[in-house]
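Q: Please examine the model below and explain the reasoning behind the terms used to describe it.

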Amino acid sequence: MKPAAKENLTPLAHAAQNRCFGCGRANAIGLQLEFLLGEDGRVVCLATIADTYEGPPGYVHGGIIATLLDETMSKAVRSHGVVAMTRHMEVDYQRPVKSKAAIRMEGRVTRSEGRKHWTEARILDEDESVLAQGKGLFIEVQPRKEPLGSKA
């Protein structure tokens, strides 16, 4: 796996108090993933997933794998300054993802039309073998300014 420093990756900014399960710093039980932006427009995340998120012993749960791909595709869209939500997602589980092992996630936007953004992402192991990959369609939304039920 390539070291991030040799790729000229820069941190992808997001809300510091975000409660997102994938990337939120304010979510103590979340994955707290950190994404980087490559010069070619790809988003990259280098992570090690704790055994807390296992399905079979020693391997990451399939739902968490789907979450990793979804989060990577979402950040690919976000890197273009767009807030979007998943409309459709396909996952191809190719090899088991080991827990407590270094992985690399990569994602990019493949096409955009109006509010629609098509994406793809993959998870790689240290040998750069593809463990899982996904494709998705994301729809741009307006971010909420205040929580439901709050009084202005």
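A: Contact here means heavy atoms within 4.5 Å. The model is a predicted one. By that criterion E71 touches C20, G22, C23, L33 and F35, leaving aside residues up to four places away in sequence.

Q: Why is E71 called buried or exposed, and in which helix does E71 lie?
A: The place of E71 is in helix α1, which covers residues 62–78. Buried means under 20% relative accessible area. E71 has a relative accessible area of 6%, so E71 is buried.

Q: What makes C20 and C45 buried, exposed or partly exposed?
A: Buried requires under 20% relative accessible area and exposed requires over 50%, with partly exposed in between. C20 stands at 23% relative accessibility and therefore counts as partly exposed. C45 stands at 0% relative accessibility and therefore counts as buried.

Q: How many disulfides does the structure hold, and what would make a cysteine pair count as one?
A: A disulfide is a covalent bond between the sulfur atoms of two cysteines. The cut-off is a pair of cysteine sulfur atoms within 2.5 Å. The structure holds zero disulfides, so no pair of cysteine sulfur atoms meets that cut-off.

Q: What makes a set of residues a nonpolar core, and which residues have the most contacts inside the largest one?
A: The members must be buried Ala, Val, Leu, Ile, Met, Phe, Trp, Tyr or Cys residues joined through side-chain atoms within 4.5 Å. The largest nonpolar core has 28 residues, and L33, I49, L68, I103, M105 and I123 have the most contacts inside it. Helix α1 gives the most to this core, with seven residues. Among the neighbours of M105, not counting residues up to four places away in sequence, are L33, L68 and I123, as well as C45.

Q: Why are β3 and β5 said to pair, and where do they belong in the sheet?
A: Two strands pair if at least two bridges are found between them. Strand β3 (residues 43–48) and strand β5 (residues 102–113) share six bridges in the antiparallel sense, so the criterion is met. The bridge partner of T48 in β5 is A102. The seven strands form an open antiparallel sheet in the order β1-β2-β3-β5-β6-β7-β4.

Q: What makes β1 and β4 the edge strands?
A: Strands β1 (10–11) and β4 (84–93) each pair on one side only.

Q: Which residues line the second largest pocket closest to its centre?
A: This pocket has about 220 Å³ of space. Of its 13 lining residues, E120, A121, R122, Q133 and G134 are the closest to the centre. Strands β4, β5, β6 and β7 each supply at least two residues of the lining.

Definitions and conventions: Residues numbered from 1 in each chain as written. Predicted model: local features only at pLDDT ≥ 70, side-chain atom pairs only at ≥ 80, totals over all residues. Heavy atoms only, no water. Helix = DSSP H or I, 4+ residues; strand = E, 2+ residues; numbered from the N terminus. Buried < 20%, exposed > 50% of the residue type's maximum accessible area, 1.4 Å probe, protein only. 1 Å grid on protein atoms, 1.4 Å probe; cavity = no way out; pocket = protein on both sides within 12 Å on 5 of 7 lines; lining within 4 Å. Points joined across faces, edges and corners; volume = space filled by probe spheres on them.
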